[in-house]
Amino acid sequence: MIYVKNYAAITEKDIRVTVSLPELNQIQYSRTFSLKPKQTHIENFIFKLPVNSNNKQEVIDVTVSNNKDKDSKFVFIDVE
């Protein structure tokens, strides 16, 4: 789950969340949405990991963007 919160005092429009697993060449996009001030939006993404993966961790690149701004974070998840 990705939580997106608008901390600005204005409504943000045309927001899109992009989630990718660079090492596995997988990428997914949310639909575009708008957020009023202080509003939060939740997006869910499901990825299938290879059964034979030897990685103990996967890197996930999460980007939230619109036509004015862009912010990215890397998240590490443990694979068991």
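**Exercise 1. Secondary structure and overall dimensions**

How many helices and how many strands are there in the protein chain? Describe the order of these elements and the extent of the chain.

*Solution.*
Step 1. The model is a predicted one. Its protein chain contains zero helices and seven strands.
Step 2. Along the sequence, the elements follow the pattern β-β-β-β-β-β-β.
Step 3. Taken along the principal axes, the box filled by the C-alpha atoms is roughly 45 × 20 × 15 Å.
Step 4. Of contacts between residues at least 6 apart in sequence, 50% join residues at least 24 apart.

**Exercise 2. Surface and charge**

Determine what percentage of the residues of the protein chain is buried, and characterise its accessible surface and its charged side chains.

*Solution.*
Step 1. The protein chain has 80 residues, and 30% of them count as buried.
Step 2. Its accessible surface comes to about 6,000 Å². Carbon and sulfur atoms account for 50% of that surface.
Step 3. There are 11 positive and 10 negative side chains. The centres of these two sets are 9 Å apart.

**Exercise 3. The largest pocket**

Which residues lie nearest the centre of the largest pocket, and which strand gives the most to its lining?

*Solution.*
Step 1. The largest pocket holds about 520 Å³ of space, and 21 residues line it.
Step 2. Two or more lining residues come from each of strand S1 (2-5), strand S2 (12-21), strand S6 (57-65) and strand S7 (70-78).
Step 3. With five residues, S7 gives the most to the lining.
Step 4. The residues nearest the centre of the pocket are Val 4, Lys 5, Val 64, Ser 65 and Asp 71.

**Exercise 4. Lys 5, a residue of the pocket lining**

Is Lys 5 buried, partly exposed or exposed? Identify its contacts outside its own sequence neighbourhood.

*Solution.*
Step 1. Lys 5 belongs to strand S1 and is among the residues nearest the centre of the largest pocket.
Step 2. Its relative accessibility is 39%. Buried requires under 20% and exposed over 50%, so Lys 5 counts as partly exposed.
Step 3. Neighbours within four places in sequence being set aside, Lys 5 is in contact with Leu 35, Lys 38, Gln 39 and Thr 40.
Step 4. Lys 5 and Val 59 are 54 residues apart in sequence, and their C-alpha atoms are 22 Å apart in space.

**Exercise 5. Positive phi values**

What is the phi value of Asp 14, and what is that of Lys 38? Locate each residue and classify its accessibility.

*Solution.*
Step 1. The phi of Asp 14 is near 55°, a positive value in a residue that is not glycine.
Step 2. Asp 14 is placed in strand S2. Because its relative accessibility is 45%, Asp 14 counts as partly exposed.
Step 3. Lys 38, likewise not a glycine, has a positive phi of about 70°.
Step 4. Lys 38 is located in the loop between strand S4 (33-35) and strand S5 (40-43). Because its relative accessibility is 54%, Lys 38 counts as exposed.
Step 5. Lys 38 also appears among the contacts of Lys 5.

**Exercise 6. Ser 20 and Phe 76**

Classify Ser 20 and Phe 76 by accessibility, and state which residues each one contacts beyond four places in sequence.

*Solution.*
Step 1. Ser 20 is part of strand S2. Its relative accessible area is 12%, so Ser 20 is buried.
Step 2. The contacts of Ser 20, leaving aside neighbours within four places, are Gln 26, Ile 27, Val 59, Ile 60 and Asp 61.
Step 3. Phe 76 is part of strand S7. Its relative accessibility is 53%, so Phe 76 counts as exposed.
Step 4. Residues up to four places away not being counted, Phe 76 touches Gln 57, Glu 58 and Val 59.
Step 5. Val 59 is therefore a contact of Ser 20 as well as of Phe 76 under the 4.5 Å criterion.
Step 6. Between the C-alpha atoms of Phe 76 and Ile 60, which are 16 residues apart along the chain, the separation is 6.2 Å.

**Exercise 7. Lys 56**

Where does Lys 56 lie, and how far is its C-alpha atom from that of Pro 37?

*Solution.*
Step 1. Lys 56 is in the loop between S5 and S6.
Step 2. Its relative accessible area is 65%, so Lys 56 is exposed.
Step 3. Apart from residues up to four places away in sequence, Lys 56 touches Ile 77, Asp 78 and Val 79.
Step 4. The C-alpha atoms of Lys 56 and Pro 37 are separated by 39 Å, and the two residues are 19 apart along the chain.

Notes. Residues numbered from 1 in each chain as written. Heavy atoms only, no water. Buried < 20%, exposed > 50% of the residue type's maximum accessible area, 1.4 Å probe, protein only. Areas by Shrake-Rupley, 256 points an atom, 1.4 Å probe, with all protein chains shown as cover. Lys, Arg positive; Asp, Glu negative; His and termini not counted. Charge placed at Lys NZ, Arg CZ, Asp CG, Glu CD. 1 Å grid on protein atoms, 1.4 Å probe; cavity = no way out; pocket = protein on both sides within 12 Å on 5 of 7 lines; lining within 4 Å. Points joined across faces, edges and corners; volume = space filled by probe spheres on them.
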